[in-house]
Amino acid sequence: MRRHRVVRATIVIVVAAAAILSIGAAFGRQSGPPPRQVAVRAASGPAASADPIVRAQERLRLVPRDWRTWAGLAVAYLERGRTTADPSYYPKADEAVRRSLALRPDDNADASVARGALANARHDFAAARRDALAATRLNAYGANAYAVLADAETQLGRPADATAAVQRLLDLRPGLSAYARGSYDLEQRGALAAATDLMRRALDAAMSPSDIAFCRGQLGDLAWLAGDLSGAAEQYAAGLGADPHAVSLLRGRARVAAASGRLDAAIADYADVTRRSPTVGYLLEYARLLRTAGRTREAAEQLALANDAQRLFVANGGVDGLTAAELAIEAGRPSDAVAAARAEWARRRHADVADILGWALHLAARDGEALRYARLAGARGALSATYAYHVGMIELSLGQRRAARADLERALRRNPAFSPIDAPAARRALAGLGGAR
Amino acid sequence: MRRRLLVVLGAAVLGVLVPPAHPAHAHPLGNFSINQYHGFTIRPDAVTATVVVDRAEIPTRQRRIIRCVEVAAALDATVERGRLRWTIEAEDLTFHPGAAELPTSRLSCTLRAVIRPLGTGAVRPFVVANGYAAGQVGWHEMTAVGDGVRLIDSPLATRSVSDELRAYPADPLASPLDVRAASLRFKTGGSADAAAGQAAGTNGRAAPAGGAFGRLIASADRRLADLAGAGRLTPAVGLLAVLLAFALGAGHAALPGHGKTALAAYAAARGGRRRESVALLATVTATHTGGVLAVGALLTTSAAFAGERLLAWLGIVSGAVVVAVGAGMLAAFRRGRSHSHGHGHSPGHSHPHSHSHDGHSHDGHSHDHDHRPGGRLGLFGIGLAGGLVPSPSALVVLLGAVGLGRTAFGVLLVIAYGVGMAATLTAAGFALVGIQRWATSRATHWRADRMRRVLRRLPSAGTATASLVMVVGAGLALRAIAALS
Amino acid sequence: MSTTASRGRRRRRAPAAIAVAAALAGALYGFAPIDAGASSHREAPLTAADPAVDNTDLYAFVSKDRPGYVNFVANWIPFEEPNGGPNFYPFATDASYYINVDNNGDARPDARFRWTFRTQDRRGTGTFLYNNGPVTSLDDENLLVRQIYTLESSFNGAPFKTRISGAPVAPSRTGRASMPDYGKLRDQAVVQLPGGWKIFAGQADDPFFLDLRVFDLLYGGDLSETGQDTLAGYNVNTIVLQVPFKDVALGGDAARNPVIGVWTTTDRPRVRITGGGSYGGQVQVSRLGNPLVNEVVVPNGLKDAFNASSPDRDAKNPTLVKRVTEPEVPKLIQAIYGIPAPATPRNDLAEIFLTGITTKAGGPIKADVNSQLNNADVSAAGFVPSEQLRLNLGVPIAGQPNRLGVLGGDLQGFPNGRRLTDDVVDIELQALVGAAQTGKLIDALAAGDKVDANDQAFGAAFPYVAPPNGAGVNTAGSGSAAGSGAGGMGGFGGATQPAPSTSDKPSAEAPAPSLTPAGYAGNTDSGQVPMAVAVSAVGAAGVLALALLFLIGWWRRRSRPAPITPGSTDETLQL
């Protein structure tokens, strides 16, 4: 009797244990869903935000085959890379574009746009143009495709096509993105007032701090172009209020400080700029500023650094003849500068390239050819004091004194402090020509 | 479908972790990034920080030599109000070939700061902010583990996802890490569970204070958490996990706390019969499972809940229930005594069904099981008290499983855990009963005989048991209150 | 059968392709770097969306608290984070927001309502905060940034006439400390105009509810993992308008001509940069009638064109018509669920989206519900099919609204207009698989996205939308408590006369009650919540059961007269 009970109890226990264990094994068999996110979010997840990156990421966790959102995520990463100057977002953007295209290789205008934007960021403007055009063929009403196209056409130096693309963008989707590009297009044609007006409109449409900072920065640059130092300073300050980390605004502020004779403040800002974002361009500007301040040893250091940064950029597959030419000019190697600028000119015919090519030719003592390019830079009407200064100096070198005087005066009229080195040089040259009238 | 997704994800993970093929050595986070990792280990008497600064080519070119002193100076950490003063225990700066014949560099520092040790149970805040190279872009990662302390509400991971800046994950659905500051609390003298729910699936290096047994339990804890979060569950792994959960539950119940004394005393008082033991076992399991699930759900849904406080409150409730049961036993016993005369039994009288011949035989008792002290209510109460305070490690397992989308598996493990706990507790009760019987059966032995006589002469043996139960309950509650304050 | 199988294979191949692509991408990691180097060319923002002008939802319904009046609710700027610091979500000041009504079926607006907004920014240069202290009324000095608006209307092509200017916008809810009584601010933003009009503009809980994962269907996924309102907890900018039937019905006679069609548009001024920069005219940047049209009916490639187009051109747009009559979603559903896609052309869908449900256009749905063709004074000759949200004002107000609207036998719901509670995701799914022409709901899709109601209860009275969420989306189980502003405070200020008790009537009285009590779903984090809910349910059930057992035991003990017998005490003393 008792034994029977014991046996029964044992059986019950054994069966129960077996049941629990086999259930466990069964659970083991059907492997659970893949981890959606790091388990760390269990107890206290950070608040999701209106951040477009986070939103796209969350949506893709829910709808992983959404190729359109993959493309959107790529654009969002690119935007973040642009506003933070943090290049680690670019490989992520690249990956997101690949995912979108893997899911939908054809008829994927969104991915074409994103890939085009990525190409623009990589300065591969020809590829960007191809992608943008492909996107417009797939979706003639897609505003972003025209934005990418406008950027590419602008940098490639095809002003008529660029303007047409911007106009199409404005007709499809007036807004920050269109206004900003419209403003730049107007600026390149010398319509500073209209450009400023449109950029103010962009500022009104801007919602995020980084967009506000961008618009303020552009308004500051426009004021700078017009020689309005205090107006520029105001805009930079307001922009830095919205986004204290905007490197381009810091750089703008430093430029104003240098132009106002506050070299120490300018150097401090540039030190900060080049620490945050040690691009070749900024390093080069920093080197020039140090040279102006008479700190030649530090200037040489920064120039060497800029050289290494450029080598690194090239070693990593980057192509940028414009910067290479500027570096060569700064280092006193005019023939290298000419070669680099010519190569860039073969790739794209932007006004900036014409200007640098002209100046490099001048330094290489080939003034005849130089003048042609230097004049080309300003041909569309861009009101750049630097362009005018370069033309004037080349003319002077060619003995065209009257034209030189006119162009140098024009440069100083536009912005009397356009460069801590070149503006005084322009004044000296003018004095040599008998002074301003 | 799920399996396929898993494979896809696996391939994706593999893909992104494959080192770059081309161009040689390009820094994955861009050639001007300064990437930082801070791994904190908090001990009762010190905080150590493993700091790694991985600088890409340009920052290295901008400044070749950097020192741990700067890193330490920029690492602002406090425990309570006291700012930590870091001492550098190890420093290593190495250079590695990068692109364009420019080197990248890697600075490794071990920093240590002594903190004033406080007594067991003290909850202390740890706040840290890293200001090194603040304006510069780069990966910013922090981790924290406790060693001899338990981390509470830690927002930090316990393991570096980048293998301390050696392999940056490139999941396109995750933004680069940017953790530059953190705030958490830690409790001295806790066991290995680095803040319930945070540690799942990680191999936190926390080691518990306490004896070899505690250490063994802690290591089993981690093994289980790893199993529950294992990348792929095979039947063998599932089986192993359930067994381990059972063993862990049993082991945890053997550690101090859990009102085992009260439970055992109670079981002994009731004669430790099989049926009741099963009921007790079931109650403890059910309460514990329910409690863990409820607390787990609260912790998952609401960030506002501090798990620590919740557990403390549950501890108080548990203690109170035990006290109440003890009081009930006492009252019942007294009443029983006053009634006893009418029934012709004296309080101290031995039970009519003697155990003297066979310690296993209790069959004749089943008819009157509701009439013993506390009755069913007491039984439930004591079971409730035993299972009410969810074991943190069970919570870790559950939350870890939930985080990995294996809720049902997690629940199963928690049930197994509860069964294990209940088994130990019930076994403890049986053991006590066994000792009693052993004592009674040795009637001929003079010592036992005398003891039996002594015990029998104690008119308040029942009272003593009830009092013991109450004292233990009060102790439990007080401990919980101490943890709360 | 074979098509299903091949689809299945294709579906299996897609993830594999992604995996390969991912692995490849990983191998090529850092292949084409963008970093230190290039002189930065001008890089302007590339905004993927322009939320301030992107219309997200439109509702049109008659509420039982004010019969004879029709309500329009239109939303912009989704995903507004509540309390996310100093987040202020303004209406665009350079845009015009329209609600358009077509009552004669010619696909051109007969009544137009236009909102334009202005921002008053009193911050100066000193602060970037939106308020510098608690805000207790809309004209509180502490509210440094506010918006006001002008409402104009135009009927039958007449010039726009200003109805009110300087009306206040209910501000973005920035937090409990800065706006201790948000309900009052909201009440002050309700304006009553002559002619019985009521208007409101400001922030509100996003009334749309769905599980975004339902869209996985569009990409070949199934609905097995849906059930979470992924919009819960977010706010939106909303405009609510209430006007009498006679102002929008053809000939002012809603009895003869009860059907209207509604859509919203957002315009921005046209900018010319050729010829030096000039302005003139408007560009339509957004258009919306029926819900989810942009997601479900006119996907890839057509969405942008649709946003730029006007309804009178819909019928001439063969691509659009084809998308409606030969939709892709039923084919996807067939592949996944084996529910046969109804034969094309889908004239039933054309009725729902393009003509309104009527017997007069020869469509397959044998009912006269909401086509302008059913208006007595509309001639069939002048009727132009177009995509509009059509509402028959004459349908009696439902006592118990059915979330499935017309498909659920409740003629007052979508696609006859749209109430805040209508589950448009599930309705459209059912409609796409043919429920409207067969009259039978498809069981396999009965659960739809498994989100059947909004996380917050809607109001019983104007402006109906739930007040904005006050707690961060993922922070706490705040939902209703924080969400419902203190009601009944009814501040009376200057030009604004608040409607009686605008907020927080008990939802039981609501004409359109939410199916679940406000609250729990408010705190969602992707992926976590369903499990958390399940776990908490199990846990709570366990605890509850135990408590019950305990209680029963206690009660039984109490009711037993002599609970303790000496026999039992004996046992404790056997030592």
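**Exercise 1.** In this predicted model, decide whether Asp426(C) counts as buried or exposed, then place Asp426(C) in its helix and list its contacts.

*Solution.*
Step 1. The relative accessibility of Asp426(C) is 1%. Buried means under 20%, so Asp426(C) counts as buried.
Step 2. The residue belongs to helix 9 of chain C, which covers residues 424–432.
Step 3. Leave out residues up to four places away in sequence; Asp426(C) then touches Arg403(C) and Leu404(C), the run Ala446(C), Ala447(C), Gly448(C) and Asp449(C), and also Asp452(C).

**Exercise 2.** Find which residues of helix 6 of chain C are buried, how they are arranged about the helix axis, and what covers them.

*Solution.*
Step 1. Helix 6 of chain C spans residues 318–325, and Leu320(C), Val324(C) and Thr325(C) are buried in it.
Step 2. Viewed down the helix axis, these buried residues fall within an arc of 125°, so they line one face of helix 6 of chain C.
Step 3. The cover over the buried residues includes three helices of chain C: helix 4 (293–297), helix 5 (303–308) and helix 8 (347–355).

**Exercise 3.** Describe the largest nonpolar core, and name some members of a second, separate core.

*Solution.*
Step 1. As background, nonpolar side chains in soluble globular proteins tend to be buried together.
Step 2. The largest nonpolar core has 175 residues, of which Phe72(C), Tyr97(C), Phe113(C) and Trp115(C) touch the most other members.
Step 3. Helix 3 of chain A supplies the largest share of this core, nine residues.
Step 4. Take Tyr97(C) and set aside its neighbours within four places in sequence: its contacts include Trp76(C), Phe91(C), Phe113(C), Trp115(C), Phe117(C) and Ile239(C). Arg114(C), Thr265(C) and Thr266(C) are also among the contacts of Tyr97(C).
Step 5. A second core, separate from the largest, holds 40 residues, among them Val338(A), Ala340(A), Ala377(A) and Ala388(A).

**Exercise 4.** Characterise the second largest cavity by volume, lining residues, contributing elements and residue class.

*Solution.*
Step 1. The structure has 16 cavities of 30 Å³ or more. The volume of the second largest is about 190 Å³.
Step 2. This cavity is lined by 16 residues, and Glu79(A), Arg82(A), Ala117(A), Glu43(C) and Ala44(C) are the closest to its centre.
Step 3. The elements giving two or more residues to the lining are helix 3 (67–84), helix 5 (109–121) and helix 7 (143–156) of chain A. Helix 3 of chain A gives the most, four residues.
Step 4. Sorted by class, the lining has eight nonpolar, six charged and two polar residues.

Methods: Residues numbered from 1 in each chain as written. Chains lettered and ligands numbered in written order. Predicted model: local features only at pLDDT ≥ 70, side-chain atom pairs only at ≥ 80, totals over all residues. Heavy atoms only, no water. 1 Å grid on protein atoms, 1.4 Å probe; cavity = no way out; pocket = protein on both sides within 12 Å on 5 of 7 lines; lining within 4 Å. Points joined across faces, edges and corners; volume = space filled by probe spheres on them. Nonpolar A, V, L, I, M, F, W, Y, C, P; charged D, E, K, R; others polar. Buried < 20%, exposed > 50% of the residue type's maximum accessible area, 1.4 Å probe, protein only. Arc of directions from axis to C-beta. Contact = heavy atoms within 4.5 Å. Core = buried A, V, L, I, M, F, W, Y, C linked by side-chain atoms within 4.5 Å.
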